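Trainee: Could we go through this model together? I have a few short questions.
Mentor: Certainly; please begin once it is displayed.

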Amino acid sequence: MKPRAGDVHLQWPGKKVRRPPEGVRFAVRLTEQGSSGSPGRLIAGDNLLVMAGLLDEGYAGRFTLIYLDPPYGTDSEFSLRRQGAAEVAYQDAWGEGGLRSYLGAIYRRLGLLRQLLAAEGTLYVHLDRRTCHYVQVLLDEVFGRECCQNVIVWRREVARGRKTSARYFGNNVEYLLCYTKSPRGGIWNPVKGEKVISREEAERRYRRDERGYFSTSHRGTYSDAALLNLAKEGRIHVTRGGEIRVEDGRLSTTRGTIRIKYYLEPRGEGFVKRYAVDNLWDDIRGIAEAGRERCGYPTQKPERLLERIIEASSRPGDLVGDFYAGSGTTGVVAARLGRPWVMADESSAAVAVCQSRLRQHGIPFTLEVARRLRRGRGGYTDGESCR
Ligand SMILES: C[S@@+](CC[C@H](N)C(=O)[O-])C[C@H]1O[C@@H](n2cnc3c(N)ncnc32)[C@H](O)[C@@H]1O
């Protein structure tokens with residue numbers, strides 16, 4: 001993005017746009033056939049190299065969706081148990097540089113991410129309260145403020161145990177910053193939520209007519225013509241016992257006001273209420289409550305979360321990327337939803353967990369290692385692993 005008058009940017013000593021690494025190649029280590037679909041790419045290595053290598057391979061503009069779940073700047077080390085022993089999963093400590101080093105690392109990657117995104121592409125960056133606001137300012141700088149479509153609040157848990165009596169309000173939410181490459185937006189498939197309610201609750205809280213239980217809402221921005229169509233479908237309710245009148249295509253009532261009916265759908269013994277999902281996501285449980293889905297990787301995200309993101313912002317066949325893959329949730333869900341995928345992680349523990357999870361699900365993949373070739377007089381020579 002070219003800077004414009006009135007823009008506000010975040011500055012720190014040493015902040016600069018650097019050239020991406022050159023001479024990155026991928027070496028295939030193994031290919032797993034899986035049980036269905038075409039293979040995804042799991043790449044071991046620093047995502048800066050991986051993204052530069054993908055751009056070299058011609059991946060610019062090919063990703064419809066990129067989900068990023070980077071370290072949150074917690075200044076800690078995350079570990080897991082594998083084969084009975086404790087192992088470091090990844091470091092989220094930034095040394096003396098602290099927040100500057102953290103933001104520098106993120107900033108260096110944002111330009112590459114933007115290049116990888118398709119014109120109709122969407123980027124989700126998952127963070128918590130510690131760094132979300134800083135990264136949003138960086139995203140505004142690189143993508144443009146008008147490309148920020150949502151700041152989503154995800155309630156990952158409800159306070160339990162000691163948290164219920166802690167000082168200050170419980171920190172139980174995380175944030176997803178949603179930016180599109182174009183200010184006009186990207187691929188968007190509206191997402192509906194569902195709430196199941198009992199017959200007793202329906203009886204208590206809803207109106208009823210011959211067709212079933214319903215709630216009503218104001219006509220909002222519906223035109224008269226649209227309301228006439230809804231009237232034909234029996235979806236108009238007039239308050240105070242009034243009736244609809246139509247004169248010269250214009251709608252009025254004998255008395256009362258026009259409201260639109262929303263019927264509950266019967267399901268089993270109860271009823272389903274559908275609603276448009278907004279930017280407060282409190283219907284997806286955190287991984288602590290995900291049961292069999294848990295694979296032991298610290299900071300693993302629930303599959304339902306990725307399902308919502310992937311279904312909302314891509315179509316079957318669209319390429320999905322995740323360059324902080326961790327346990328590989330994105331690849332598992334993308335494959336299930338019929339989207340090809342590329343994932344990267346620099347941690348050997350993460351790559352091992354990803355592999356076994358992909359195998360367990362019968363998902364075909366290639367495991368590749370990002371290598372940076374040394375620059376010599378005669379060009380690039382001698383493979384040097386980035387790990
Ligand atoms: C919060 S975890 C991701 C968890 C993941 N969403 C899941 O569901 O399991 C962050 C991951 O980013 C990886 N990571 C951190 N810096 C990286 C870098 N520069 N390149 C590649 N991976 C990186 C870490 O190894 C860690 O696995």
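Trainee: Is Arg255 buried or exposed?
Mentor: This is a predicted model, and in it Arg255 counts as exposed because it has 10 C-beta neighbours inside 10 Å. The cut-off for exposed is 12 or fewer.

Trainee: Where does Arg255 lie?
Mentor: Arg255 is in the loop that runs between strand E14 (250–253) and strand E15 (258–263).

Trainee: And which residues does Arg255 touch?
Mentor: Leaving out residues up to four places away in sequence, Arg255 touches Arg240 and Gly242. In addition, its C-alpha atom is 6.9 Å from that of Glu243, which is 12 residues away along the chain.

Trainee: Changing topic, how is the chain divided into domains?
Mentor: Domain 1 comprises 57–191 + 277–346, and domain 2 comprises 194–275. Their C-alpha centres are 39 Å apart.

Trainee: What about the largest nonpolar core: how many residues has it?
Mentor: It has 71 residues, and Ile66 and Ala350 have the most contacts inside it. Helix H2 (residues 98–116) supplies the largest share of this core, with 7 residues.

Trainee: Which residues is Ala350 in contact with, apart from sequence neighbours within four places?
Mentor: They are Ala89, Tyr90, Tyr297, Ala325, Gly326, Ser327 and Asp345. Tyr90, Gly326 and Ser327 also appear among the residues closest to the ligand.

Trainee: How many residues surround the ligand, then?
Mentor: There are 19, and the closest also include Tyr324 and Ser347. By class, that shell consists of 7 nonpolar, 7 polar and 5 charged residues.

Methods
Residues numbered from 1 in each chain as written. Predicted model: local features only at pLDDT ≥ 70, side-chain atom pairs only at ≥ 80, totals over all residues. Domains from an automatic or database assignment. Core = buried A, V, L, I, M, F, W, Y, C linked by C-beta atoms within 7 Å. Buried ≥ 20, exposed ≤ 12 C-beta atoms within 10 Å, placed from the backbone. Helix = DSSP H or I, 4+ residues; strand = E, 2+ residues; numbered from the N terminus. Contact = placed C-beta atoms within 7 Å. Near = placed C-beta within 6 Å. Nonpolar A, V, L, I, M, F, W, Y, C, P; charged D, E, K, R; others polar.
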